[in-house]
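Student: I'd like a close look at one part of this protein, please. Could you take me through its inside, step by step?

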Amino acid sequence: MRCRWAPAASASVRRISHEPSGNRPDRGTNRLGIIERYTLHYMTVTEVPSPARDQTLRADASPAAYSTPEREPARRLTQLDALEAESIQVIREIAAELERPALLFSGGKDSVVMLHLAVKAFWPAPIPFPVLHVDTGHNFPEVLAYRDETVERLGLRLEVASVQDYIDDGRLRERADGTRNPLQTIPLLDAINEHRFGGVFGGGRRDEEKARAKERIVSLRDEFGQWDPKNQRPELWNLYNPRHRPGEHVRVFPISNWTELDIWRYIEREDMPLAPLYYAHERDVFQRDGMWLAVGPVSQPREGETVERRVVRYRTVGDMSCTGAVDSPAATNAEIVAEVAASTLTERGATRADDRISEAAMEDRKKEGYF
């Protein structure tokens with residue numbers, strides 16, 4: 001048996017030993033021969049002394065003849081490498097445990113990073129599950145174009161749940177404030193039940209919002225798709241439990257421990273393409289509740305709100321009707337990294353009107369089955 005981690009000896013006979021670790025003698029040498037043990041998991045490779053090798057060692061009494069090969073120093077992972085490794089481990093573990101997982105993909109930066117990690121996790125094989133998008137009908141056209149281009153480029157299977165279809169047939173009703181983000185819950189749950197998805201990967205991060213901060217990486221949802229923040233499973237020693245009863249499913253957040261700055265540093269390092277609205281550009285906007293909202297078919301200024309042409313970019317992407325832009329000259333990934341590093345507000349706190357409905361708006365939506 002030849003093992004690349006054991007030294008070669010042409011005249012030696014090798015024997016495989018499965019001794020319990022407590023009975024193994026320490027590695028050492030003697031004048032009659034050399035005993036070298038290298039362990040891979042619980043397998044010990046024992047080199048049996050041979051006369052030819054023994055004569056060689058007796059003739060050469062230098063210390064080098066009895067020394068073992070030096071091991072290369074362990075490579076220290078950078079912070080981004082460690083985050084990437086953790087996320088890929090979660091994706092692989094859940095994909096192996098569940099029969100029908102899916103990945104939520106909206107074309108936003110977090111879901112783009114999630115998709116990039118999934119590609120790395122299974123490369124060179126294709127991603128073994130579909131991507132799912134809940135289309136509110138109020139999405140930015142640039143984001144939908146980017147979504148379709150990415151799906152075609154990677155050869156993915158895209159499943160779309162349309163909020164507009166639910167409104168057209170009367171299953172949902174438009175809200176008085178015009179935003180459709182809270183209306184995504186029922187189409188999402190119906191899509192999960194229809195395709196029998198046992199787990200859904202999402203791009204939620206703990207630094208975004210306090211309700212997401214207390215949710216586990218693997219989050220159980222009951223038969224109604226609801227989340228109980230007081231009944232969560234422990235996740236000790238990076239052990240994840242996606243088991244669930246029929247009718248239930250789990251939401252999985254592999255990038256929970258990432259921050260917005262980590263996301264942008266990773267995007268810069270991996271040179272990942274994004275929708276153009278994440279970078280500085282000119283756009284017609286109007287101010288409402290301290291946010292710059294874009295002028296569009298579903299987002300029009302009210303009386304007294306003035307339209308301005310400004311250089312802005314988006315830190316997060318949701319509906320046009322509830323997602324605000326920020327004044328920014330940052331046109332490259334490096335400039336955005338520097339800008340985010342100096343920011344004191346999270347992207348949702350600064351630019352999402354749907355999170356301002358109440359103090360616990362996000363947690364209330366998550367309890368109902370939201371992302």
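Which residues touch the most other members of the largest nonpolar core?

Tutor: Keep in mind that this is a predicted model. The residues you're asking about are Phe 129 and Trp 264, in a core of 56 residues. Several elements give two or more residues to this core: the helices α2 (79-97), α3 (109-122), α4 (141-154), α8 (260-270) and α9 (333-342), plus the strands β11 and β13. The biggest giver is α3, with eight residues. Now look at where the core sits. Domain 1 (79-260 + 360-368) and domain 2 (275-356) both give residues to it, so the core lies between them.

Let's zoom in on Trp 264. Leaving aside neighbours within four places in sequence, Trp 264 is in contact with Lys 109, Leu 274, Tyr 278, Tyr 279, Arg 313, Asn 333, Ile 336, Val 337 and Val 340. There is also another core, apart from the big one, with 15 residues, including Leu 132, Val 134, Leu 183 and Phe 197.

Next, take the two strands that feed the big core. In a regular strand, side chains alternate between the two faces of the sheet. Strand β11 (residues 249-252) is covered on both faces: His 249 and Arg 251 are buried on one side, Val 250 and Val 252 on the other. Its partners include β9 (residues 199-201), which runs parallel to β11 and is joined to it by three bridges; here Phe 201 stands opposite Val 252. Strand β10 (residues 218-221) pairs with β11 in the antiparallel sense over four bridges, and Arg 221 has His 249 as its bridge partner.

The other strand, β13, belongs to an open antiparallel sheet of four strands, ordered β13-β12-β14-β15. Both β13 (291-294) and β15 (326-327) stand at the edges with a single partner strand each, so one side of each has no neighbour in the sheet. For β13 that partner is β12 (residues 281-288), over four bridges, with Arg 288 and Met 291 as one of the bridge pairs.

Finally, there's a charged side chain tucked away too: Arg 205, in the loop between β9 and α7 (210-213). Its relative accessibility is 1%, and buried means under 20%, so Arg 205 counts as buried. The side chain of Arg 205 makes polar contacts of 2.9 Å with the side chain of Asp 110 and, also at 2.9 Å, with that of Asp 207. Beyond its close sequence neighbours, within four places, Arg 205 is in contact with residues including Lys 109, Trp 258, Ile 263 and Glu 347. Lys 109 is a link back to the core, as Trp 264 is in contact with Lys 109 as well.

Conventions: Residues numbered from 1 in each chain as written. Predicted model: local features only at pLDDT ≥ 70, side-chain atom pairs only at ≥ 80, totals over all residues. Heavy atoms only, no water. Pairing = 2+ DSSP bridges. Buried < 20%, exposed > 50% of the residue type's maximum accessible area, 1.4 Å probe, protein only. Core = buried A, V, L, I, M, F, W, Y, C linked by side-chain atoms within 4.5 Å. Domains from an automatic or database assignment. Contact = heavy atoms within 4.5 Å. Polar contact = N/O pair within 3.5 Å; in protein donor to acceptor, adjacent residues only side chain to side chain.
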